[in-house]
Amino acid sequence: MRIVVGVGGGIAAYKAAELVRALGQRGHDVQVVMTRAAQEFIQPLTFASLTGRKVITGLFSQNSSQDALASAVEHIAVAKENDLLVVAPATADLLAKFASGLADDFLSTLYLAFTGHVVLSPAMNTAMWEHPATQTNLETLRKRGCSIIDPEEGWLACGVTGAGRLPDPIRIADHVETLTRAKSDFSGEIVIVTAGPTQEALDPVRYISNRSSGKMGYAIAAAAARRGAHVILVSGPVQLPAPPRVQLISVKTALEMRNAVFHHLEEATIIIKSAAVADYYVANIPEQKRKKTATRLSLELDPTPDILAELGDKKGDRLLIGFAAETENLMEEARRKMHAKKCDMLVANLVNAHGLGFESDRNEVEILSRSGQTVHAGPADKNEIAERILDEVAMLRLNLRAVDATA
Ligand code: PMT
């Protein structure tokens, strides 16, 4: 795979040499881009020796005007030629530039022109890492689908002990490897992913909904697309941009979600139902806003279509992966739902744990399959959980094909 390693200007820049070496040893074709500050910490020659290629150190060539013209569009060529952009160390400054779209050097300009997957490995002083500005920038970048490798805790060069240390370069290389190894194992698959909440109207201005942010489903959609699938993402109302190379269908209600899923069922090979679909709706929505009165209001609610159960009946030989969001008796409820709704696999999460499940960037799940096997994943970033879920789906598909072949 062709990988650009962007090196930011932090004390951990020296570790980027180890990362570049590890990626090269694993057979990747690596192009290094250094910021001006990075060159204060480590010489371009180190990276040139490790990669056998010229290191890109600025937007404009210092040589002839002809060279300068060629280098003015070099960031576009580098963006087109490479499959993955890994930035290590990603400094607070780089995260801020990427998040706000500032393009005043080669690396930040490349980031804007790059349409492939981006992996950021931040490293900085603990106070800078914990600063709300840095955390907000990270949140923005996560929402755009960047993979973030959290820094480790430990002794930092600035003399304090805390979070902010660049992880072992081998760990970063392993993460990159997971992304690249898996790159095409879903090619040829057409995957429907449902995500987010649904909104069920009470009147023209009010609705019933839930706390789903869509982050889990969007992470699955983005990962499946990265791994080569054609992804149809049927999403309730969320505040997230569509992941790259994903066909987004926006819906509001459970009924609209059901209709969108069944409209595409024929072409699908895998369906992953991570949406938090409302269980009830108001059948008779008044045309006008309900007036407030001093007395108690009773609402009559009817059950929404159970999309997962209907899919279980009509899925044919497609793989059906359900979710279960529980606040107690996780495994019992998960097993019950998996069998009742005829799922091939079910991802169960406890949604009352602090910092996990609904809204959060992280999750912890049990992945159950009909064979009785259960795999635990997390607590981890939802992008990582998404990869683990897809690993299990790929494994299940392999096992089913092996059974078919021997039948
Ligand atoms: O969106 P995030 O903030 O990232 O949060 C992620 C999540 C917590 C929403 C996600 O991890 C999750 O658990 N999704 C399933 C939520 C849910 O509705 O669970 P449930 O146990 O109520 O439903 C079981 C399954 O039936 C789900 O696959 C659901 O999509 C499906 N269902 C439910 C009701 C309905 N009418 N139709 C359905 O298809």
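**Figure 1. Asn 329 in the loop between S16 and helix H14 (330–340).** In this predicted model, Asn 329 adopts a positive phi of about 45°, although Asn 329 is not a glycine. Most residues other than glycine have a negative phi. The relative accessibility of Asn 329 is 44%, so the residue counts as partly exposed.

**Figure 2. Lys 342 in the loop between H14 and strand S17 (345–350).** Lys 342 is not a glycine, yet its phi is positive, at about 55°. With a relative accessibility of 40%, Lys 342 is classed as partly exposed, because that class lies between under 20% for buried and over 50% for exposed.

**Figure 3. The ligand and the residues that come nearest to it.** The shell around the ligand comprises 31 residues, of which Ser 212, Ser 213, Lys 337, Asn 349 and Lys 382 come nearest. By residue class, the shell divides into 13 nonpolar, nine polar and nine charged residues.

**Figure 4. Polar contacts of ligand oxygen atoms with Ser 213, Ala 275 and Lys 215.** At Ser 213, an N or O atom of the side chain lies 2.6 Å from an oxygen atom of the ligand. Lys 215 takes part through its backbone, where a polar atom is 3.3 Å from a ligand oxygen atom. Ala 275 also contributes a polar backbone atom, at 2.7 Å from an oxygen atom of the ligand. The ligand taken alone exposes 780 Å², and the protein buries 95% of that area.

**Figure 5. The ligand in the largest pocket.** Three elements give two or more residues to the shell around the ligand: helix H11 (215–226), helix H13 (307–314) and strand S16 (319–326). Strand S16 gives the most, with five residues.

**Figure 6. The cis peptide bond from Ala 88 to Pro 89.** Most peptide bonds are trans. The bond from Ala 88 to Pro 89 is cis, and its omega is near -5°. Pro 89 belongs to strand S3, which covers residues 84–90.

**Figure 7. The cis peptide bond that joins Gly 378 and Pro 379.** For this bond between Gly 378 and Pro 379, omega is about 0°. Pro 379 is part of strand S19, which covers residues 374–381.

Technical notes. Residues are numbered from 1 along each chain as its sequence is written. This is a predicted model: local features need pLDDT of at least 70, side-chain atom pairs count only at pLDDT 80 or more; totals for chains, interfaces and linings use all residues. Side-chain values use heavy atoms; hydrogens and water are left out. A residue is near a molecule or strand if one of its heavy atoms lies within 4 Å of it. A polar contact is a pair of N or O atoms within 3.5 Å; within protein, one must be able to donate a hydrogen and the other to accept it, and residues adjacent in sequence count only if both atoms are side-chain atoms. Accessible areas come from the Shrake-Rupley method with a 1.4 Å probe; for residues, only the protein chains shown count as cover. On a 1 Å grid over the protein atoms alone, a cavity is a set of points where a 1.4 Å probe fits but cannot get out, and a pocket is an open set with protein on both sides within 12 Å along at least five of seven lines; lining residues have an atom within 4 Å of a point. A molecule sits in a cavity or pocket if more than half of its atoms lie within 2 Å of its grid points. Helices (H or I, at least four residues) and strands (E, at least two) are DSSP runs, numbered from the N terminus. Ala, Val, Leu, Ile, Met, Phe, Trp, Tyr, Cys and Pro count as nonpolar, Asp, Glu, Lys and Arg as charged, and the others, Gly among them, as polar. Buried means under 20% relative accessible area, exposed over 50%, partly exposed in between (1.4 Å probe, protein chains only).
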